[in-house]
Every structure is written in structure tokens, then in C-alpha cells.
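Here is a short briefing to read alongside the model you have open. Please keep the sequence and the 3D view side by side as you go through the points.

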Amino acid sequence: LVALLLHSRSTRLLTVLPLPRLSYKMVSVEEFEAAAKEALTLPSSVGNDDKLVLYGFFKQSKEGDCTTDQPGFFDPKGKAKWAAWNANKGMDKETAMAKYVEKVNALK
């Protein structure tokens with residue numbers, strides 16, 4: 001639960017207000033798998049940053065939170081992929097799937 005605490009000077013009370021959650025249209029496994037196939041045929045103009053975002057969403061949707069150790073200095077590619085996956089820590093698999101499909105569609 002993420003909340004915003006407000007302090008009222010006159011009453012010395014703290015009020016907890018829930019912050020709105022961003023919701024994504026849930027996608028089916030079939031839609032996700034179709035997007036994964038489409039991702040393999042994205043234009044060559046798609047940059048590494050976008051590919052890393054896709055990688056992070058894909059790994060989060062398939063395996064959940066990143067549990068591996070961060071690769072070392074001499075593995076910059078592995079370190080970038082780890083960071084992209086770890087950036088989604090705490091995101092549920094369904095949201096990761098929806099974001100993946102959304103990103104693939106935006107890159108077509």
C-alpha cells in the first residue's frame with residue numbers, strides 16, 4: 001500500500017490517502033506470445049534502450065522479480081540486461097505482460 005500522509009496543523013492528525021494505482025488493460029497469454037513473436041521482427045531502427053525495456057518486461061512477466069546477482073564490471077551487456085529486469089522489481093506478472101504488449105505495439 002502506497003499512501004500519502006497529510007499533516008493538519010490545526011488538529012494534529014495524520015490523514016492517510018491512497019494514491020491512485022495505474023492500471024493496465026490485462027492481456028491474454030496468447031496476446032503476450034503473439035507480441036513476443038512480433039518483437040523478433042521489429043525494425044532495425046529500434047534502439048538498445050527500447051530493447052532493454054522489452055527485455056525487462058519480458059523477464060518480469062516470465063520469471064517475476066530478479067533474483068540473480070548483478071553482473072560485474074567486465075560484463076556490461078549482462079549488467080544492462082540485469083538493470084532493465086531489476087527496474088521492474090515488485091511489478092506483478094500481468095502488468096509486465098500488458099506493458100510488454102503495449103511497448104511492442106508502440107515500436108512497430
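Lys59 counts as buried, because its relative accessibility is 16% and the cut-off for buried is under 20%. This is a predicted model, and in it Lys59 forms a salt bridge with Glu63, with the closest N and O atoms 2.8 Å apart. The notes below start from that pair and then move on to helix packing, the nonpolar core and the other salt bridges.

**Lys59 and its partner**
- Lys59 and Glu63 are four residues apart in helix α2, so about one helical turn separates them.
- Glu63, in contrast to buried Lys59, is partly exposed, with a relative accessible area of 48%.
- Both residues also take part in the contact between α2 and α3, as Lys59 and Glu63 are among the α2 residues that make it.

**How α2 meets α3**
- Two packed helices are described by the angle between their axes and the distance between the axes.
- For α2 and helix α3 (residues 76–86), the axes come within 7 Å and cross at roughly 60°.
- That angle makes α2 oblique to α3.
- Which hand does the crossing of α2 and α3 have? The crossing is right-handed.
- On the α2 side, the contact is made by Leu52, Tyr55, Gly56, Lys59, Gln60 and Glu63.
- On the α3 side, the residues are Ala80, Lys81, Ala84 and Trp85.

**A buried residue in the loop after α3**
- Asn88 lies in the loop between α3 and α4.
- Is Asn88 buried or exposed? With a relative accessibility of 9%, Asn88 counts as buried.
- Setting aside neighbours within four places in sequence, Asn88 is in contact with Gly56, Phe57, Gln60 and Asp65.
- Gly56 and Gln60 are worth finding in your view: they touch Asn88, and they are also among the α2 residues in contact with α3.

**The largest nonpolar core**
- The largest nonpolar core has 16 residues, and those with the most contacts inside it are Leu54 and Tyr100.
- The elements that give two or more residues to this core are α1 (29–39), α2 (48–63) and α4 (93–107).
- Which of these elements gives the largest share of the core? The answer is α4, which supplies seven residues.
- Beyond its neighbours within four places in sequence, Leu54 is in contact with Leu42, Tyr100, Lys103, Val104 and Leu107.

**Salt bridges across the chain**
- How many salt bridges are there by this rule? The count comes to four, and the Lys59–Glu63 pair is one of them.
- Another joins the side chains of Lys103 and Asp50, at 2.9 Å from N to O.
- This pair links distant parts of the chain, with Lys103 in helix α4 and Asp50 in helix α2, 53 residues apart.
- Lys103 counts as partly exposed at 23% relative accessibility, and Asp50 is partly exposed too, at 24%.
- Lys103 appears twice in this picture, since it bridges to Asp50 and is also in contact with Leu54.
- Glu38 forms a salt bridge with Lys108, where the closest N and O atoms are 2.9 Å apart.
- That pair also links distant parts of the chain: Glu38 sits in helix α1 and Lys108 in the segment after α4, 70 residues apart.
- Glu38 is partly exposed, with a relative accessible area of 31%, whereas Lys108 is exposed, at 59%.

Conventions
Residues are numbered from 1 along each chain as its sequence is written. This is a predicted model: local features need pLDDT of at least 70, side-chain atom pairs count only at pLDDT 80 or more; totals for chains, interfaces and linings use all residues. Side-chain values use heavy atoms; hydrogens and water are left out. A nonpolar core is a set of buried Ala, Val, Leu, Ile, Met, Phe, Trp, Tyr and Cys residues joined through side-chain atoms within 4.5 Å. Buried means under 20% relative accessible area, exposed over 50%, partly exposed in between (1.4 Å probe, protein chains only). Contact means heavy atoms within 4.5 Å. Axes are lines fitted to C-alpha atoms, for helices over the stretch in contact, and angles run from 0 to 180 degrees between N-to-C directions. Angles under 35 degrees count as roughly parallel, over 145 as roughly antiparallel, 65 to 115 as roughly perpendicular and the rest as oblique. A crossing is left-handed if the near helix is turned anticlockwise from the far one by less than a right angle, and right-handed if clockwise.
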